[in-house]
Number of protein chains: 2
Amino acid sequence: MAVTQTQNTNGEAHPAELNASKLVINLANELKPLPAPESLAFGETKTDHMLIVNYDPVTGWSTPEIKPYGPLILDPASSCFQYCPNVFEGMKAYAGPDGKPRLFRPQKNMERLTRSAERVALPPFDTNELLKLIQRLVAVESRWIPSQPGYSLYIRPTVIGTRAALGVAASDSACLYVIVSPTGPYFRGGTRPISLLAVGEHARSWPGGTGGHKLGLNYAPGFMPQRLAAKLGYEQILWLLGDDKKITEVGAMNVFVAIKRDDGDLDVLTPPLDGTILPGLTRASCIALTEAHNTGRLVLPGISPSQKLHTAECPVTMAEIVAWSEQGRLVEAFGVGTAVVVAPIGRIGFEGKDIILPIYEAGLGPLGKGLWETLTAIQVGKLEYDDWSVKCE
Amino acid sequence: MAVTQTQNTNGEAHPAELNASKLVINLANELKPLPAPESLAFGETKTDHMLIVNYDPVTGWSTPEIKPYGPLILDPASSCFQYCPNVFEGMKAYAGPDGKPRLFRPQKNMERLTRSAERVALPPFDTNELLKLIQRLVAVESRWIPSQPGYSLYIRPTVIGTRAALGVAASDSACLYVIVSPTGPYFRGGTRPISLLAVGEHARSWPGGTGGHKLGLNYAPGFMPQRLAAKLGYEQILWLLGDDKKITEVGAMNVFVAIKRDDGDLDVLTPPLDGTILPGLTRASCIALTEAHNTGRLVLPGISPSQKLHTAECPVTMAEIVAWSEQGRLVEAFGVGTAVVVAPIGRIGFEGKDIILPIYEAGLGPLGKGLWETLTAIQVGKLEYDDWSVKCE
């Protein structure tokens, strides 16, 4: 699927690069009324505008456009329907103390998006340019960011293959678009522990597979097992892998467990990025914050400065989880992700029995709560930490 | 994602079933000129009409419509772009001796399509009704079936998730559509052996994965490895699985190997349907025809009636392939599928060396050629075999 490098209509010798300076903004004639924040369901509300850019193998990336939110119009033979070379990111814009929207480590999302696109052979693009375009879209849609604590504007950059032919081949055409949606806290009425069913007979990911990339195609295979888990009374799936039943992810979140050591410190464990685990931004930030706690650069609220957090990216098996639980050492387990930030795990169904985790008044245990409070403080700009929080001018 | 069973606008108590008798046909005002058959590239030519039906969780399946070929208009948050619950089938309509279009074992495609839909939690549908609709579409588009030998009308039934919300959940809405495209023989200018690169570091499928279903999402992960193989001078990938490097599929085809026994018979081996292998219709038909040869019900042309074909669905490892090749017993290997029928394998790159297979004047060896001739004779109605060839009235 070689890109045809030829003169395009502008007399340029190569397909055009993505260029934010060419942005055209066509605003909607009429703006939608803002919904009551408490009525928001995740990802269901569409705002007034979206960003869209198309890639053609001859002419390259088209003029980026912010335009009224509307449907995509695509040939039914398009690769996105037939072979699913579709990638996306999940980001959030938060209202900062100055009222200005802020993004959380957005360049990390851009880096992951470009790796995802490469994995399914979609055309490359300049992530700095895309980030500028996203910042402009967020600025245009800033009235949609609810000002209440815990609310934000969810951002969904998406790239889909649009080659309109049925031959099984990489898509030489693509559509890059960004939609946004106002969203409330994952847990209404306070954080509460979730229940998991440990599932090994269906695999979310595998060595040599695509579980380490944020591809749309990683998600549909989980729908049917998720339905089965729900029928058995569990909210999410704890995905296992291999004969030794290693834990990998929780639903669509990364997972951490905290094990009490004899010396009072905590082992904080999360599965390693071996290609079967999504390299989550919240995951990476949690690891960084536990390390900052150890060095004293930052103290996680609710955790004693003298309590060290021995964080390790290492395989964790269900046999270990069972043993730590029986020994009373499994003090916390939680999922982390952009949508949820930190979600406590209360119960894990495994081989016909339930592993019950300790209950905390706040829903989250001390470590989960300390991470949640620190992350959300950085996200809304109450706490400055490196360059993690980025304004949209 | 429970289907809301409520009164719909027609006063019915349940979502409507797919119903071919409700079909509405809106023909194009102007028909496209037919392209020269020799100019056809696989899956690139769009005909005049398509079939489309939509599923809504309250009202069920809409009135099926055959209408002028045209684009799909979909919300950018749609599940098909974001999470890829998209399934399809590949079928062909052939011009029969009476000029009437014929399908090859189409109910088998319908059964596989409904299993695929179930695997990604798409709404169910009556496959008999869908087959009737496909037969009507083929009849409407019958002028597009080229009359030359080796040509046919490729049929692509597709179901995509159309739930327009970003929450990671099964799609409660769907669009079922069928497009067709005239197509020529896979090999122009005569069958010739293809070259394969054996790849184990990327996995097409996995135990507990979705490789045993015809999902769009199984294909995009192969694009990047396929590009790497092409750069090394190989046409397709031989997908390996596991530490013992079992062969699974060739590109998007099932694979067979033929091993000469000391008694002059052939072992005919293909990987078993353990969930990692697509249950191909051509694969199943090849197995059935080798068994028919053994019982004498049908003699494969070019194969002596006294030569038995010991067909087995069993794991085949690369170590076995290497050993059989060195012993001079690996007499044939070929890929099979709807698009190609039977494609001979000439060379397999493995661990830095090439395994070279015997060369035959016809491109295909005796077994591959016997299967190809018998299958194509049944497909075009020259040879009647059970109810494998089905007319579109």
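Colleague: What makes the meeting of the side chains of A:K132 and A:E129 a salt bridge?
Modeller: The N to O distance is 2.9 Å, and a salt bridge is a side-chain nitrogen of Lys or Arg within 4 Å of a carboxyl oxygen of Asp or Glu, so the pair qualifies. This is a predicted model, where local features need pLDDT of at least 70, side-chain atom pairs count only at pLDDT 80 or more, totals for chains, interfaces and linings use all residues, and side-chain values use heavy atoms, with hydrogens and water left out. Residues are numbered from 1 along each chain as its sequence is written, while chains are lettered from A and ligands numbered from 1 in the order in which they are written.

Colleague: Where are A:K132 and A:E129 along the chain?
Modeller: They're both in helix α3 (residues 127-140) of chain A, and they're separated by about one helical turn because they sit 3 residues apart. Helices (H or I, at least four residues) and strands (E, at least two) are DSSP runs, numbered from the N terminus.

Colleague: Why does A:E129 count as buried or exposed, whichever it is?
Modeller: Buried means under 20% relative accessible area, exposed over 50%, and partly exposed in between (1.4 Å probe, protein chains only). A:E129 has 12% relative accessibility, so it counts as buried. A:K132 has 44%, so that one is partly exposed.

Colleague: How many salt bridges does a search of the whole structure find?
Modeller: There are 32 over all chains. In one of them, the side chains of A:E44 and B:R163 meet at 3.5 Å, N to O. A:E44 is in the loop between β1 (24-25) and β2 (49-56) of chain A, and B:R163 is in the loop between β9 and β10 of chain B, so this pair joins two chains. A:E44 is partly exposed at 44%, whereas B:R163 is buried at 12%.

Colleague: How many salt bridges are there between chain B and chain A?
Modeller: The count is 4. Among them is the one between A:R163 and B:E44, at 3.6 Å from N to O.

Colleague: And how many residue pairs in polar contact does the rule find across the interface of chain B and chain A?
Modeller: It finds 28, with both residues at pLDDT 80 or more. On the side of chain B that touches chain A, the elements giving two or more residues include α2 (106-119), β9 (152-161) and β10 (174-183) of chain B.

Colleague: How do you know which residues of chain B are in contact with chain A?
Modeller: Contact means heavy atoms within 4.5 Å. By that rule, 61 residues of chain B are in contact with 60 residues of chain A.

Colleague: What makes you say that strand β5 (residues 72-74) of chain A and β5(B) pair?
Modeller: Two strands pair if DSSP finds at least two bridges between them. Here there are 3 bridges, in the antiparallel sense, so the rule is met. In that pairing A:L74 stands opposite B:L72.

Colleague: What does the side chain of B:S78 reach?
Modeller: The backbone oxygen of B:D75, at 2.6 Å. A polar contact is a pair of N or O atoms within 3.5 Å; within protein, one must be able to donate a hydrogen and the other to accept it, and residues adjacent in sequence count only if both atoms are side-chain atoms. B:S78 lies in the loop between β5 and α1 of chain B and is buried at 1%.

Colleague: Why does A:I348 count as buried or exposed, whichever it is?
Modeller: Its relative accessible area is 4%, so A:I348 is buried. A:I348 lies in strand β18 (residues 341-350) of chain A and touches residues including A:L196, A:M318 and A:L357.

Colleague: What is notable about phi of B:E351?
Modeller: Phi of B:E351 is near 50°, a positive value in a residue other than glycine. Most residues other than glycine have a negative phi. B:E351 is in the loop between β18 (341-350) and β19 (353-356) of chain B, and at 61% it counts as exposed. B:K245 also has a positive phi, near 55°, but at 31% B:K245 is partly exposed.

Terms used:
Lists of a residue's contacts leave out its neighbours within four places in sequence.
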